[in-house]
Every structure is written in structure tokens, then in C-alpha cells.
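User: I'd like to learn how to read a ligand site and a few backbone oddities. Can you walk me through them?

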Amino acid sequence: MRQLLDVPAPAKLNLFLHITGRRADGYHLLQSVFMLIDWCDTLHFERRAGGAISREDIGGSGPALPANDLVVRAAQALQRASGCEWGAHIALDKQIPQEAGMGGGSSDAASCLLALNRLWGLDLPLEQLLQIGLQLGADVPFFLGGDNAWVEGIGEQLTPVTLPAGNFIVLKPPTGASTPKIFQSPALKRDSLCSTMRDFVASASVFNYGHNDLQPVAINLCPDIKIGLDWLKNQNLSGTMTGSGSALFAPTSQASKVDITTLPPGWIARSCKNLFEHPLKQWRK
Ligand code: C5P
């Protein structure tokens, strides 16, 4: 009998991102709130005998992914950690823009770990999936965690946070900037003062709290980011970059109509709502 699973992988927005230090291994200490939104990739899994992991891209947007992308590496890491002899064919419907700071690759990897843990009958506990996930990328643990979160450390210290419902316009320029290049820039401010979750929760508008320390460096590497921020300002919206960009977002009121016809060619824009929890949250053990 064929064993199949279809699963969503939602994107995230960083409401703010403060860099508070740097570890000896070069990774940065940060404080951020990661928020899930209803812009999703979809992954289809078919269990296969023989141990091989294969991936195809169906539909979707953006350039083709490398054969050994994070989804394939997540499946292989799960095989290694569990000694599982099953394989899988994975079809990925990529909708979340790449090089956007929206966590698409990390979210795909997290959904892959949760799906194959189930499809292969492994029943590994969340704790073990989190360890595998962190080795794949600093944002993967957030997507495994299942909740909107106050995030510290390099991205692995998660505290669930309750957010109000919100509407957002999300913009992606046609160009992007490399995440490692942004983090490695000598111009990056790395000494933001530490905030507390209490300050964040008590702020007048949690969707406008703080700033993104990566944004000034990203603007230098990718001038489209400034064009997008100015475009949002012209719409009377207060925009911020998410993660290492180049996507931008701004909170909107439910009634407000944003005229996206004035965006330059090649830009993607979408109205999004936040999610209160990850759609696969119940799959964690
Ligand atoms: O872990 P991930 O692959 O998402 O990170 C991409 C790059 O971003 C890392 O190689 C590192 O240069 C940088 N990074 C960092 N500090 C973090 C997260 C990412 O320096 N907390």
C-alpha cells in the first residue's frame, strides 16, 4: 500500500530582530519575536523502500532549488539519527519566496522532520527533533516548536508568546541579499540593548515593537529594500524587513486597501494574516 502525507509549511515574519552579541563560533546572539503567517509551501511525501531520498519541485515560484536542499538534508539527518531504513519521495510546492527572510527553507525542513517522523513510524520526541533541526539551521527549531515565540540565543531558545490577530502586507523585491554576508558585515550593529518579553508584551503595539539590526546592512547590499520601505511609507504604512530580508512587511488594518499596482515590475505582494499556532503542532510528541 502506498503511504502518503501532504503537509503545509508556513512562513514567518520577525516582528523585530535585535543583535545583542556574537559567539566565539561566529554565530550571533539575537532577540526576536517569530510569528507564523498564512503564506505556506506544501510538501507531499511518499514512503519508499530502499532508503533513497528524492525530491521534485512542483509548481511553485523562484529559481530551482539545489538537489541537496534543506528538505533532503532534513530527511537524511532523520534517517541517521533514527537508523530508519525507509526512504521517501518528496514533492515540494514552493510558494514562499526564497532569500526573503521568511524562513521558507527552514519551515520546509521542520515540516519534513515532523512528516517523516510520522510516515516512517519513528515517534521521536520533540526534544530529539529540535536537536536535529538546530544542526540544519538556526530557524528550524522555531518551526518545530509550534508556537509564535520570543526567541533568544542563536534562535534555539524559544518561549511561546501570545499575539493578537493581525493583518499584514508582505512585499518581496526581485533581488535579495545573502544571509551570511549580512551577518559577516563589519558595519553590522551587534550591541543592541537586551529587551525583556515583559517590555514587548506591554508595548503599545506589539506589531511595531523594536527594529531590525540587519536592515541597514541589507539595504546597502540590496537597494530594493529601501525602495520597498519608501513605497510602504507612501502608502502610510510603517514597514520593516523580516529576518535577513529582502522581504518587508507592514501591519495593516483589516479594512485598508493597499494599491499594489504601483509596485515596480517583478515584485511580489500578498496580504497575510498571522497564525496562532503551527498547523502541525499536534504532531509533536
Ligand atoms: O543557521 P542558518 O543557516 O539559518 O544561518 C545562515 C547564516 O547566518 C549562518 O551561516 C551565519 O553566518 C548567520 N547567522 C548568524 N547568527 C545567527 C543565525 C545565522 O551569524 N543567529
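**Reading the site and the loops**

Analyst: Sure. Keep in mind that this is a predicted model. Let's begin in a loop: Ser 246 sits between β8 (240-241) and β9 (248-252).

User: What kind of peptide bond joins Gly 245 and Ser 246?

Analyst: For a peptide bond, look at omega. Here the bond joining Gly 245 and Ser 246 is cis, with omega at about 10 degrees.

User: And phi? Which residues should I look at?

Analyst: Look for a positive phi on something other than glycine. Asp 123 is such a case, with phi at about 60 degrees, and its loop runs between α2 (104-119) and α3 (126-136). Asn 236 isn't a glycine either, and its positive phi is about 60 degrees. You'll find Asn 236 in the loop between α8 (224-234) and β8.

User: On to the ligand. Which residues are around it?

Analyst: Start a site by listing the neighbours. Around the ligand you have Gly 26, Tyr 27, His 28, Leu 30, Gly 137, Ala 138, Ile 154, Thr 179, Pro 180 and Phe 183. Sorted by class, that shell has six nonpolar and four polar residues, and no charged ones.

User: Which elements give two or more residues to the shell around the ligand, and where does the ligand sit?

Analyst: Take the space to begin with: the ligand occupies the largest pocket. The elements with two or more residues in its shell are β2 (28-48) and α5 (179-184). Of the elements, α5 gives the most, with three residues.

User: Why does the ligand lie between domain 1 and domain 2?

Analyst: Check which domains supply the shell. Domain 1 (3-160) and domain 2 (167-273) both contribute residues, so the ligand lies between them.

User: How do I read its polar contacts?

Analyst: Pair up the N and O atoms, with 3.5 Å as the cut-off. A side-chain N or O atom of His 28 is 2.8 Å from a ligand oxygen. The backbone joins in too: a polar backbone atom of Ala 138 is 2.9 Å from an oxygen of the ligand, and a backbone N or O atom of Ile 154 is 3.1 Å from a ligand nitrogen.

User: How much of the ligand's accessible area does the protein cover?

Analyst: Compare the ligand on its own with the ligand in place. Alone, it has 450 Å² of accessible area, and the protein covers 75% of that.

Note on methods
Residues numbered from 1 in each chain as written. Predicted model: local features only at pLDDT ≥ 70, side-chain atom pairs only at ≥ 80, totals over all residues. Heavy atoms only, no water. Near = heavy atom within 4 Å. Polar contact = N/O pair within 3.5 Å; in protein donor to acceptor, adjacent residues only side chain to side chain. Areas by Shrake-Rupley, 256 points an atom, 1.4 Å probe, with all protein chains shown as cover. 1 Å grid on protein atoms, 1.4 Å probe; cavity = no way out; pocket = protein on both sides within 12 Å on 5 of 7 lines; lining within 4 Å. Sits in = over half its atoms within 2 Å of the grid points. Helix = DSSP H or I, 4+ residues; strand = E, 2+ residues; numbered from the N terminus. Nonpolar A, V, L, I, M, F, W, Y, C, P; charged D, E, K, R; others polar. Domains from an automatic or database assignment.
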